[in-house]
Amino acid sequence: MIYLKKQTFEQSAARLEEIVKKLEMGNIPIDESLKLFEEGTKLAEFCNSCLDNAQQKIIELTELEAEDANAEQ
Amino acid sequence: MNSPVITVTQLNSYLKSIIEGDENLRNIYVCGEVSNFTNHYRTGHFYMVLKDAESSIKAVMFRSNAQRLRFMPENGMMIIARGRISIFERDGQYQLYIDDMQPYGAGALSVAYEQLKNRLASEGLFDEKLKKAIPVCPSRVGVITSPTGAAIHDILNVLGRRFPLAEVIFCPVEVQGVNAAQQIVEAIERFNAGRYADVLIVGRGGGSIEDLWTFNEERVARAVFSSDIPIISAVGHETDFTICDFVADLRAPTPSAAAELAVPNRVVLMEHINQLKNSLINILNLEIEKKRTVIKSLTGSKFFSSPIYYIDVKRQTVDSLVEKMSVYMKREVNEKQSILSLLCGKLHALSPLKVLARGYSLTLKNNSALCSIKEVEIGDEVDVMLSDGLLNCSILSKAE
């Protein structure tokens, strides 16, 4: 579950879609299916918690530009 | 009357002073059709002839005035020009010096709008094929609008309600007035420089055509077109169409609508995620059930329940093969026997012994058959074969 924290919602949702598609196609050894299933349910949980807990964040463009300028120095 | 002789220059200069001294010719409005229009490539002055059905007059508009025009005069266009009459002394040509002009009928802005729209359309800036796809799930939504108007509040409200996951990167700009176009162009360029957003909303709330004019300016349109980040335009109300709207990758009727188009709905997303989760469970259960059925059909087969059965089956096969083999062998022997007796019959029919039985005989000397009397001498002994035995004979005489 910890490794998921680093991922964004978008990546997790995309991976979840991919897993479901893979499983729908079939022809996967059962132990691999189980692994995918486990990963998929964790991703779903993560996505839902993202959507539940998100707070809108507003940043001014100048802040991002300043960050980038600092990073370059 | 004794008039003094004057030069041409003096004459033209005199006429000029008279014309320029006439109040009526100092600030006049002239309505006419533009013809012979030239936009001088080096000086930027406009030269043209204004005419109506019966008459025409030369006209010039110097660059300082010409570049303030929002539309471009064209041949055949009816205009109202404001200016003064004076004389171009070098040619002795009187002409209209235009300070400003308006298209006759339609307003200058709407003519400028149509002209720019047609030009950009012919350049392909509105081409549907060049429009970039709006990302379904952006991480960062860039917003370029006024910090004070209702638009920013509407946009933030909708974004926050629908998809608070997306960070909002806000770049406040003026959306009307002389600085607006430059600020919007720069904002679009700054967003692109650092790729600070996945999608941009550019717009403002409603207003008059003059208020919205910034979004009809060519450089704004070109900046929108050049942006690598997809742009949703949201200018004014549903009925307002700006050039910016045509160039943008997606046009939203209002700023709120732009926010709705920029991000997915959280509620719908959650439903989708849960649907995916359910299909995960269903697929896996189905898979397990399928595998279970396969195992069941395997363990339930006769092979598993009584392996001896398979040996019996094989034994039966061997037995039936042995039986078949003996049947074939018998048939083969019989066939050969009948062929043999047939051949014996034929052989018998051809035997010379048969001929002997009918009273013919065969004469042999030293066991070889004689065919001519020349083969024996008087006194030789020969054997005569009859059907039932041999006669040993001596040759007494020969006759031909």
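## Salt bridges, the largest pocket and a nonpolar patch in chain B

In this predicted model, B:R140 and B:E167 form a salt bridge in which the closest N and O atoms are 3.0 Å apart. Because B:R140 lies in strand β6 (residues 140-145) of chain B and B:E167 in strand β7 (residues 167-172) of chain B, the pair ties together parts that are 27 residues apart in sequence. The points below take up the salt bridges, then the largest pocket, and then a nonpolar patch on the surface.

**Salt bridges**

- Over all chains, the structure holds 25 salt bridges; side chains of opposite charge can pair in this way when their charged atoms come close.
- The two partners of the strand pair fall into separate classes of accessibility, since B:R140 has a relative accessible area of 26% and is partly exposed, whereas B:E167, at 18%, counts as buried because it lies under the 20% limit.
- A salt bridge also joins the side chains of B:E218 and B:R119, with an N to O distance of 2.9 Å, and this pair links distant parts of the chain, as B:E218 sits in helix α6 of chain B and B:R119 in helix α3 of chain B, 99 residues apart.
- Both of these side chains belong to partly exposed residues, with relative accessibility of 27% for B:E218 and 39% for B:R119.
- The side chains of B:R90 and B:D91 meet in a salt bridge at 3.1 Å, N to O; here B:R90 counts as exposed at 67% relative accessibility, while B:D91 is partly exposed at 46%.

**The largest pocket**

- The largest pocket has a volume of about 620 Å³, and among the 28 residues that line the largest pocket, those closest to its centre are B:L69, B:R70, B:F71, B:A112 and B:W213.
- Two or more lining residues come from each of the elements α2 (63-66), α3 (108-123) and α6 (218-226) of chain B, and α3(B) gives the most, with five residues.
- By character, the lining of the largest pocket divides into 10 nonpolar, eight polar and 10 charged residues.

**A nonpolar patch on the surface**

- B:I6, B:L11, B:Y14, B:L15 and B:I18 form a nonpolar patch on the surface, and together these residues have about 460 Å² of accessible area.
- One member of the patch, B:I18, lies in helix α1 (residues 8-21) of chain B and is partly exposed, with a relative accessible area of 42%.

Conventions. Residues are numbered from 1 along each chain as its sequence is written. Chains are lettered from A and ligands numbered from 1 in the order in which they are written. This is a predicted model: local features need pLDDT of at least 70, side-chain atom pairs count only at pLDDT 80 or more; totals for chains, interfaces and linings use all residues. Side-chain values use heavy atoms; hydrogens and water are left out. Patches are made of residues with over 30% relative accessible area and no salt bridge: like charges are joined within 9 Å, nonpolar side chains (Val, Leu, Ile, Met, Phe, Trp, Tyr) within 5 Å. Accessible areas come from the Shrake-Rupley method with a 1.4 Å probe; for residues, only the protein chains shown count as cover. A salt bridge is a side-chain nitrogen of Lys or Arg within 4 Å of a carboxyl oxygen of Asp or Glu. Helices (H or I, at least four residues) and strands (E, at least two) are DSSP runs, numbered from the N terminus. Buried means under 20% relative accessible area, exposed over 50%, partly exposed in between (1.4 Å probe, protein chains only). On a 1 Å grid over the protein atoms alone, a cavity is a set of points where a 1.4 Å probe fits but cannot get out, and a pocket is an open set with protein on both sides within 12 Å along at least five of seven lines; lining residues have an atom within 4 Å of a point. Grid points are joined across faces, edges and corners, and a volume is the space filled by probe spheres set on the points. Ala, Val, Leu, Ile, Met, Phe, Trp, Tyr, Cys and Pro count as nonpolar, Asp, Glu, Lys and Arg as charged, and the others, Gly among them, as polar.
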